[in-house]
Amino acid sequence: MPGMAVPEVNKRLLGQLQEMGFPLAQATRALHFSDNSSIDAAVNWLFDHQNDPDIDQMPLVPVNIEIETSDPSSVAEEVNLKAQELRDRVRIKKENEEKKLEREREKERRRSGKELLEAKSNQEENERERNIALRKAEKEQEKKDRDRIRQKLQQDKTAEAPRSCTVSGGLLQEHQASKKHFIHSTFPTFPHHSLVKIVAQILFEIFSHLQFSLIPSALFSQAERRRMLGLPVEDPPPSIKSASNLMQQEKVPVKFAIVPTTELMVDCLRSLKRNHKDDGTKAMRAFQTLLIYVRNVAKNPDEEKFRKIRISNPAFQERVGNMKEGTEFLELCGFERVGGEFLFLPRDKVDMEVLKSAGTALNSAITNPFFGLLSK
């Protein structure tokens, strides 16, 4: 029985297949089963049988089998063509992988951009809601302050009512006495004639109206009014007291309405815009600069560089310093002049509520095109 041995194949074709990257066993098997016809046939056989279980085993054939070789020139041409085809396949595969990777990168960029836009939109919405809540709280606080002041004034008015009645009664008696004296002194020979008496009363009322129509009579003491009417000065009865003496003897405190800081800030900004209504850009630039100062202090209250402004700074002078309303607004925020060189806000005087009110007033001045133009 003849023995089995590895068949002999075309050495040149075998070397070319190995140079193309095929193992020795696969190259030998491919050349054997393709009858050593060509490189192309061997490569096609390998692609068709690459999943065979014995693809990596050397083929065995009976001994003394002769192998016919093909034309060397045609084999070399086939090897070159096949190598070029393989290189083209590798190049195309690489290009496809790069295109796929680029598409994945583009999808990732779009997804990141969408998430960034959503986050920015959410942040702006939250900021808008906070500003609305802040303005609402400030309006409620201002309303409470006005109601408290109105209530206090009403209480003071109620407390003053009894004293006003006493003073009014005394003034009425004094007025009647003055009228009687005027009639007797003006027409001494006809004191009881009805027509003369009527004329005298009319003249007295005209005279009294001219004397006291513009100045409240409560501002004069009883002696001063008698002197102005030509009556003899007498000590007033104890039951009739002037409003000024009553306040001095009973030490009635004089009440003044306290204007909230927020209203002073708004009035200051209105004055700035009215005084520069011919140059709206200048007023708007001043509002924006003041808002930057206020925001910097509110966000960084411990940073001294945000609480200290050099008055001689050219940028400050150009935007804010050359307008007295701008400096007054900063002083309402708590800034103080230091040696005529700086505006400084001490750390212990930083009031977040005042700064929030200032920011709200400035935002209104910037966003409202009619701010300061409709008010007197």
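Is Lys 82 buried or exposed? Lys 82 is buried, with a relative accessible area of 2%. Buried here means under 20% relative accessible area, exposed means over 50%, and partly exposed is what falls in between (1.4 Å probe, protein chains only).

Before going further, some ground rules. This is a predicted model, in which local features need pLDDT of at least 70, side-chain atom pairs count only at pLDDT 80 or more, and totals for chains, interfaces and linings use all residues. Residues are numbered from 1 along each chain as its sequence is written, and side-chain values use heavy atoms, with hydrogens and water left out.

**The chain as a whole**

The secondary structure comes to twelve helices and five strands. Helices (H or I, at least four residues) and strands (E, at least two) are DSSP runs, numbered from the N terminus. Of the chain's 376 residues, 28% count as buried. About 25,800 Å² is exposed by the chain, and carbon and sulfur atoms supply 54% of that; accessible areas come from the Shrake-Rupley method with a 1.4 Å probe, and for residues only the protein chains shown count as cover. If you take the contacts with a separation of 6 or more, residues 24 or more positions apart account for 67% of them. A contact means heavy atoms within 4.5 Å.

**Salt bridges**

Back to Lys 82. Its side chain meets that of Asp 40 in a salt bridge (3.7 Å, N to O). Asp 40 sits in helix H3 and Lys 82 in helix H4, so the pair ties together parts that are 42 residues apart in sequence. Unlike buried Lys 82, Asp 40 is partly exposed, at 32% relative accessibility. Both belong to a salt-bridge network that also takes in Glu 85 and Arg 89.

The structure holds 21 salt bridges, each being a side-chain nitrogen of Lys or Arg within 4 Å of a carboxyl oxygen of Asp or Glu. Here are some of them:

| Acid | Base | N to O distance |
|---|---|---|
| Asp 40 | Lys 82 | 3.7 Å |
| Asp 88 | Arg 91 | 3.9 Å |
| Asp 302 | Arg 347 | 2.6 Å |

Asp 88 and Arg 91 make a local pair: they are three residues apart in helix H4, so about one helical turn separates them. Asp 88 is partly exposed at 27% relative accessible area, and Arg 91 is partly exposed at 42%.

The bridge between Asp 302 and Arg 347 has its closest N and O atoms 2.6 Å apart. This pair links distant parts of the chain, 45 residues apart: Asp 302 is in the loop between helix H9 (280–299) and strand E3 (308–310), while Arg 347 is in the loop between strand E5 (342–344) and helix H12 (352–367). Asp 302 is exposed at 59% relative accessibility, and Arg 347 is partly exposed at 37%.

**Elsewhere in H4**

Helix H4 spans residues 72–186, and Asp 145 is in it. Asp 145 is buried, with a relative accessible area of 16%. Its side chain makes a polar contact of 2.6 Å with that of Arg 148. A polar contact is a pair of N or O atoms within 3.5 Å; within protein, one must be able to donate a hydrogen and the other to accept it, and residues adjacent in sequence count only if both atoms are side-chain atoms.

**Around Leu 362**

Leu 362 is found in helix H12 and is buried, at 0% relative accessibility. Leaving out residues up to four places away in sequence, Leu 362 touches Leu 269, Phe 287, Leu 290, Leu 291, Val 294 and Phe 329. Leu 269 is 93 residues away in sequence, yet the two C-alpha atoms are 7.8 Å apart in space.

Phe 329 also turns up among the buried residues of helix H11 (residues 324–332), together with Glu 325, Gly 326, Thr 327 and Leu 330. After H11 comes Gly 334, with a positive phi near 115°.

**A nonpolar surface patch**

Met 4, Val 6, Leu 24, Met 58 and Leu 60 form a nonpolar patch on the surface, with about 450 Å² of accessible area together. Patches are made of residues with over 30% relative accessible area and no salt bridge, with like charges joined within 9 Å and nonpolar side chains (Val, Leu, Ile, Met, Phe, Trp, Tyr) within 5 Å. Leu 60 is in the loop between helix H3 (39–48) and strand E2 (61–62), and is exposed at 55% relative accessible area.

**Confidence**

The chain averages a pLDDT of 78, and 69% of the residues score at least 70; pLDDT is the predictor's confidence in each residue, from 0 to 100. Over residues 209–220 pLDDT stays under 50, and the model has twelve contacts beyond four places in sequence for them. Residues 239–244 are also below 50, with 13 contacts beyond near neighbours in sequence. Where pLDDT is low, the predicted coordinates should not be read in detail.
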